[in-house]
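The following note sets out a number of points for a colleague who is reading this structure closely. Please keep the sequence and the coordinates at hand while going through them.

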Amino acid sequence: MPSPPAEAAGDAPTPFTADDYRARMDRAAASAADAGLAGVLVAPGPDLVYLTGYQPTAITERLTVLVLAPGRDPVLVVPTLEAPDAQKAVGAPALTLRDWTDGKDPYAVTAPLLDADGRFGISDNAWAMHLLGLQKAVPSTSYVSLTEALPMLRAVKDAHELSRIAAAGAAADRAYEEILKVRFAGRRETEVAADLARLLMEFGHSQVDFTVVGSGPNGANPHHEAGERVIERGDMVVLDFGGLKHGYGSDTTRTVHVGEPTDEERRVHDLVREAQQAGFEAVRPGIACQDVDRAARKVITDAGYGAYFIHRTGHGIGVTTHEPPYMIEGEERPVVPGMCFSIEPGVYLPGRFGVRIEDIVTMTEDGTGRRFNATPHTMALVE
């Protein structure tokens with residue numbers, strides 16, 4: 001396969017600055033106050049990277065936690081041996097570093113930063129031992145999942161974030177264009193999945209999160225793990241793949257066919273394509289997230305295939321490939337400019353085949369939808 005041009009793999013984005021991270025931490029603290037919280041505790045993981053730019057080289061049993069509270073300077077508690085790396089983080093000038101040495105009690109170091117009877121949002125990936133340690137050190141505190149308390153913490157992207165998501169989407173598109181040139185028939189799903197993973201990396205991804213290759217009846221499982229099934233002529237093949245480029249996610253799905261499809265396969269593919277377009281056209285000011293799901297689902301339900309659309313229409317994307325908001329019935333939060341999310345309706349016929357079409361979409365400041373994937377929605381025929 002041809003290698004991508006240098007600019008495809010190395011198009012450096014505008015770097016985030018300490019001021020960018022300071023603004024994010026300030027917004028998080030203000031959002032915590034609005035939610036009635038005393039503050040936010042952030043363990044290593046996507047939230048910490050988003051708020052500070054710091055990602056420990058290894059996540060261990062030693063306590064690392066960012067403490068954000070309204071009206072107070074941010075404090076990052078870290079093990080002494082990891083403090084030099086934390087000081088190098090782009091967001092470090094926007095916070096105070098407080099380190100603790102082995103043999104000392106890290107919870108005693110953290111406790112003075114917490115309101116004695118405060119209720120705090122804590123990142124979902126915090127270790128239970130750390131949460132229990134904090135509760136023991138400050139018994140009157142209480143905690144709630146950050147995803148539950150502040151689900152929209154990372155949902156609205158600024159211009160620099162949008163440019164990174166656009167670059168990730170363009171790279172995924174290039175990978176799809178190249179995968180159409182490989183042979184499918186007679187090869188295992190795992191082989192095509194490996195091709196996709198390699199292409200994502202060649203086009204600038206630093207991390208591949210998933211490469212779904214669901215051929216024939218396996219395509220009726222939306223999250224099918226690529227297996228040893230040999231792809232045959234006459235198979236519909238669902239290709240769903242993505243990962244991180246410049247720290248931001250890509251995620252796209254196209255459904256291809258090996259050789260000529262049947263009339264029914266074309267009809268179902270056209271139906272899903274119409275549903276995906278309906279979901280996209282629903283994106284406008286004032287719409288609730290659930291309305292994107294309703295618009296796409298109505299097309300499929302009206303055609304008699306509603307029972308075979310078995311998942312939500314979409315999910316948010318940013319520093320992770322799945323995050324709030326979710327395009328699902330019951331999600332009444334409005335879509336606002338800067339939100340980025342997938343629109344990915346599908347139809348899955350057990351034992352036969354599946355079809356899914358997915359783009360990442362945002363709503364622009366002028367209130368219109370913008371796709372971050374530009375490859376055709378028509379069914380590609382492969383060999």
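1. In this predicted model, Glu260 and Arg266 form a salt bridge whose closest N and O atoms are 3.4 Å apart. Glu260 is exposed, its relative accessible area being 57%, whereas Arg266, at 35%, is partly exposed. Elsewhere, salt bridges that share partners tie Asp47, Arg154, Lys157 and Glu323 into one network. In general, side chains of opposite charge can pair when their charged atoms come close.

2. The structure holds 27 salt bridges. One of them pairs Asp240 with Arg356, with the closest N and O atoms 2.9 Å apart. The two residues stand 116 places apart in sequence, Asp240 in strand β8 and Arg356 in strand β15 (residues 353-356), and the pair thus links distant parts of the chain. Both Asp240 and Arg356 are buried.

3. A further salt bridge joins Asp102 to Arg62, the closest N and O atoms being 2.8 Å apart. This pair also links distant parts of the chain, with the two positions 40 residues apart: Asp102 belongs to the loop between β4 (96-100) and α5 (106-110), and Arg62 to the loop between α3 and β2. Arg62 is partly exposed, with a relative accessible area of 25%; the value falls between the limits of 20% for buried and 50% for exposed.

4. How confident is the predictor in the chain, as judged by pLDDT? The average pLDDT is 95, and 97% of the residues score at least 70. Residues 1-10 call for caution: pLDDT stays under 50 there, although the model has 17 contacts beyond four places in sequence for this stretch. Where pLDDT is low, the predicted coordinates should not be read in detail.

5. The largest nonpolar core contains 35 residues, of which Leu51, Leu66 and Leu76 touch the most other members. At least two residues of this core come from each of α2 (18-34), β1 (39-42), α3 (46-52), β2 (65-68), β3 (75-79), α4 (83-87) and α8 (159-179). Helix α2 gives the largest share, four residues. A second, separate core has 23 residues, among them Ala175, Val192, Leu196 and Val237.

6. Leu51 deserves a look of its own. Apart from neighbours within four places in sequence, Leu51 is in contact with Tyr21, Arg24, Met25, Ala28, Val42, Leu66 and Leu68. In contrast to the buried residues of the core, Asp19 is exposed, with a relative accessible area of 53%, and lies in helix α2.

7. Is strand β3 enclosed or open to the surroundings? Five of its five residues are buried, so β3 is largely enclosed by the rest of the structure. Val75, Val77 and Pro79 point one way from the strand, while Leu76 and Val78 point the other way.

8. Strand β3 pairs with β2 in the antiparallel sense over three bridges, and Val67 stands opposite Val75. The two strands form a hairpin with six residues between them, and Gly71 in the turn has a positive phi of about 80°. Strand β3 is also joined to β4 by five bridges, these two strands running parallel. Within that pairing, Val78 has Asp99 of β4 as its bridge partner.

9. Parallel pairing occurs around β5 as well. Three bridges join β1 to β5 (residues 119-122), and the two run parallel; here Gly39 has Phe120 as its bridge partner. Four bridges join β5 to β6 (residues 142-145), again in parallel, with Ile122 opposite Ser145. Between β5 and β6 the chain passes through helix α6 (residues 128-137), and this β-α-β crossover is right-handed.

10. Gly216 lies in the loop between β7 (207-215) and β8 (236-245). Is Gly216 buried or exposed? Its relative accessible area is 4%, so Gly216 counts as buried, the limit being under 20%. Leaving aside neighbours within four places in sequence, its contacts are Arg229, Asp235, Met236, Arg352, Phe353 and Gly354.

11. Two distances place Gly216 relative to other parts of the chain. From C-alpha to C-alpha, Gly216 and Pro106 are 54 Å apart in space and 110 residues apart in sequence. The C-alpha atoms of Gly216 and Asp19 are separated by 51 Å, with the two residues 197 apart along the chain.

Conventions: Residues numbered from 1 in each chain as written. Heavy atoms only, no water. Core = buried A, V, L, I, M, F, W, Y, C linked by side-chain atoms within 4.5 Å. Buried < 20%, exposed > 50% of the residue type's maximum accessible area, 1.4 Å probe, protein only. Contact = heavy atoms within 4.5 Å. pLDDT = per-residue confidence, 0-100. Pairing = 2+ DSSP bridges. Right-handed = clockwise from strand over helix to strand, strands pointing away. Salt bridge = Lys/Arg side-chain N within 4 Å of Asp/Glu carboxyl O.
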